[in-house]
Amino acid sequence: MTMILRIVPLAAVLAAAALFPCAAKAQPQPEVPTSRARLATFDAPGGERYFALSITLESAPRDDRPQYVAILFDTSASQTGVFREDGLAALRQLLASLDAEDRVQLLAVDLQATPMTEAFIPPRGEAMDRAVAKLVERPPLGATDLPAAIEAAVAVFGTDHSPRTILYLGDGLSRANIVDRRDFAKLSEQLVNARASFTSFAIGPQRDALLLAAISAQSGGMLYLDTSEAEEAQRAGSALAEIVHRPVFWPEQSSWPSVMRDVFPHRLPPLRSDRDSVVLGLIEGDGPLAMPLELRGLGKQFSLPVDVLMEASSDDFAFLPQVHELARKEGELALPLLGSAGLREMRRLLVESARHLVQLGEQALASDDLDGAQRLAEAARKRDPGSLQVETLLNAIRAERKKQSPK
């Protein structure tokens, strides 16, 4: 399934349009974050119960420690004109917004990653000015090898460079090295093992937002999408600097309750305090669940109990079987689950694809292709169970078959 995220700042959507809404509560910040969880379910006609589990960390303070940031700036041929100008504007605003104590390594990425700085340096000053000037002089040529760029970014972090963030400014189109399921699993493992989160500012005439969102979801990162609004690049730069200082909590140890199976992602992704994390799967029973987690974040390790109450089956989550089947076929690469906002986007896309199939089915019916119309209608019903448009089409097909059947 081809997926294109709507061109909006997803960082804002995560706060304002979550599939699991809740009221914010002002309360004192504890030394470690607290957790909140919701487990929504859908009982499929075949008897299987699908679930979507949302875990949110609350009350986590800003990480005021010096951050080590590897910035990957896309210099491939697609980054020209206004896109290059906006990318540079976002970069300059990002550097201006980072804390003075943060340290940055700037790399230009296309077929390979080329350092613009020799080491991690302050985000402002003569050394960084020279690095940005060197980047500006670099002509946008060739294609991008995104896996190689991420591998190079991971490599620049030494054992003492922590906490770590990789920021990518570009379109995410890895034309020089198409990312498949196996490549994605390797990338995710590299980022998790390095404890380096991956966050993007997706900008360009075409963007692989699905890939960027999926990488960010697996590594505890975020995604900000460019828009045509004035000063959007500057807003993106400021937002990226703030994202850098939102702590990431890395699971040291976690296990799914025995009643859960076929869970995607297979392992609990890193948790953030500025968005929820979502996992999908199949579940048995209907009792409360306890999920003790061992996390590392803010420079320390701690235990976090997560108590989960299972909700009754809801047709609002009738799309979960389709998303789960997609994950079975394509793996985590097909799950751009940047919190419940990503899950909501997947639901929207499935509903839209069902509507398109209904339109094709109506055309087939008008052409007297009843078998073709039937197949299209049944495919649409799988993607959007309970759709009135689908049921109307199926009723029309049945009426036409009855009309044409011999008396």
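**A tour from the core outward**

Begin by selecting Leu72, Ile150, Ile166, Leu191, Phe198 and Ile215, which are the residues with the most contacts inside the largest nonpolar core, a set of 33 residues in what is a predicted model. Colouring by secondary structure then shows where this core comes from, since at least two of its residues are supplied by each of several elements, including strand 3 (68-74), helix 4 (146-156) and helix 5 (181-194). Helix 6 gives the largest share, with 7 residues.

Now centre the view on Leu191, which, leaving aside its neighbours within four places in sequence, is in contact with Ile150, Val154, Ile166, Ala196, Phe198, Ile215, Ser219 and Trp250. A second core, separate from that one and made of 32 residues, can be found by selecting Val69, Met116, Ala131 and Ala239, which are among its members.

Next, select Tyr68, Phe120 and Phe157, which together form one aromatic cluster. Tyr68 and Phe120 make an edge-to-face pair, 5.4 Å centre to centre with 90 degrees between the planes, and this pair links strand 3 to the loop between strand 5 (113-115) and helix 3 (126-137), across 52 residues. Both Tyr68 and Phe120 are buried. Phe120 is also stacked with Phe157, at 5.6 Å centre to centre and 25 degrees between the planes; Phe157 lies in the loop between helix 4 and strand 6, 37 residues apart from Phe120.

Finally, turn to the open sheet, whose 4 strands run in the order 11-9-13-14 with antiparallel pairing. Its edges are strand 11 (271-272) and strand 14 (300-308), each of which pairs on one side only. Strand 13 (residues 289-297) pairs with strand 14 over 9 bridges, and selecting Arg296 leads to its bridge partner in strand 14, Gln301.

Terms used
Residues are numbered from 1 along each chain as its sequence is written. This is a predicted model: local features need pLDDT of at least 70, side-chain atom pairs count only at pLDDT 80 or more; totals for chains, interfaces and linings use all residues. Side-chain values use heavy atoms; hydrogens and water are left out. A nonpolar core is a set of buried Ala, Val, Leu, Ile, Met, Phe, Trp, Tyr and Cys residues joined through side-chain atoms within 4.5 Å. Buried means under 20% relative accessible area, exposed over 50%, partly exposed in between (1.4 Å probe, protein chains only). Contact means heavy atoms within 4.5 Å. Two strands pair if DSSP finds at least two bridges between them. Rings of Phe, Tyr and Trp (its six-membered ring) pair if their centres lie within 6.5 Å; planes under 30 degrees apart count as stacked, over 60 as edge-to-face and the rest as tilted.
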